[in-house]
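Please look over the chain shown here before reading the notes on its interior and its backbone.

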Amino acid sequence: MATAAIQTPVPIRGIRTAPMGKPTFQLPPSRPLTPATYFKSPFNPAQHLAYHTMPSRHTMSELGHERTGISHIGVSEPFELFAPEAVRMMRNEVLSDEVWDNCRFSSSIAACQLRGMAPKYAKFVYDAWTNHDTLRIISSIAGVDLVPVMDYEIGHINISVNDNPDGSIQAAPVVNWHKDSYPFVCVLMLSDATEMKGGETALRTGQGEIKKVRGPQMGSAVVLQGRYIEHIALPSTNCRERITMVTSFRPKDPMLAEDSQLLTVRPVSDLNEMYNQWTDYRVEIVEERCRRLVKGLRERERVGRDFDVVGVKDQLKDLIKFLEKTNNEIVDPAEYKVDDSEEEREEKASKRTKKRARMG
């Protein structure tokens, strides 16, 4: 069946995107024709969640990353999360014309990504990841209460297509070596991985060794503290497609450390939408931290305690640092340079730092 030409969406000036057609594999024949078809079966946790047992987990200490991150848990083994019907609904939404036409990006670390489709084009996906029961499951596995970072990071899709599933030609990695922009991710498999060879997630330990976590089956997922662990999604050698859905999480408690950044996602995002949501949630955290600071001040004064100079100044410094980080991640599109990728610029900066350290 001939594929109609697709007009690449117009990005904000300065964002590096690559024109891409639809994938070479065929879209599901049951794909809904209109968005209204998606929502006839709303997300129902009793029907669509398949979780039943706490998976094995590897701690940050086991991975050589002691005293790093927001939880002692580094990564989980695969576990059942969504039922087959839920996976079909999700695939229908993310493989729709609306998503392919408006949410498709590529970068130097991934050839094909779909971002920012929920809730506008993917209401079932949005409801599934924001449901209380889903969040309870993810949080219990991660060892800390989590919430989605922002709507834009719900249901991010990575796609790898192998035109030689007989294994004669090695497919490229789904996503190359990287650290995530956000504290935790939950990676859900949307492809049939029953006979898949390869497809693991490889982690780099604190000692520089490589540890592999087996890939999940369709409807299963892994939880990873990916902000602090360098990792790569290895290719499958014998499967036609590998489609994974990634939802990013941050701590629910506004007082916990929150050192998210936009380094790896800025080149593959609608900056208008992402900057709005980024500023919204970051300022909301500052608002709550200020509220608690004021409450503490008033309580100390009420009971006649002296003003805590050191404690208050430390909290104010942390608030300023947090706001500066929030501000620095908002790069003016008019000044955004695309000669190098974000990852390449970070790597060059890291090399310069190490060189200066050696010279010193």
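The briefing below covers the nonpolar cores, one helix and some backbone features.

This is a predicted model, in which local features need pLDDT of at least 70, side-chain atom pairs count only at pLDDT 80 or more, and totals for chains, interfaces and linings use all residues. Residues are numbered from 1 along each chain as its sequence is written, and side-chain values use heavy atoms, with hydrogens and water left out.

**Nonpolar cores**
- The largest nonpolar core (buried Ala, Val, Leu, Ile, Met, Phe, Trp, Tyr and Cys residues joined through side-chain atoms within 4.5 Å) has 56 residues, and Leu81, Phe82, Met90 and Trp129 have the most contacts inside it.
- Among the elements that each supply at least two residues of this core are helix H3 (84–94), helix H6 (132–142) and strand E14 (241–251); helices (H or I, at least four residues) and strands (E, at least two) are DSSP runs, numbered from the N terminus.
- Leaving aside residues up to four places away in sequence, Met90 touches (heavy atoms within 4.5 Å) Phe82, Phe124, Val125, Ala128, Trp129, Leu188, Leu190 and Met245.
- Another core, of 19 residues, lies apart from the largest one and includes Leu271, Trp278, Ile285 and Phe322.

**Helix H6**
- Thr134, Leu135, Ile137, Ile138, Ser139, Ile141 and Ala142 of H6 are buried, where buried means under 20% relative accessible area, exposed over 50% and partly exposed in between (1.4 Å probe, protein chains only).
- Just after H6, Gly143 has a positive phi of about 80°.

**Backbone features**
- The peptide bond from Ala118 to Pro119 is cis, with omega near 0°, and Pro119 lies in the loop between strand E5 (113–114) and H5.
- Arg67, in the loop between strand E1 (57–59) and strand E2 (73–76), has a positive phi near 55° and is exposed, with a relative accessible area of 86%.
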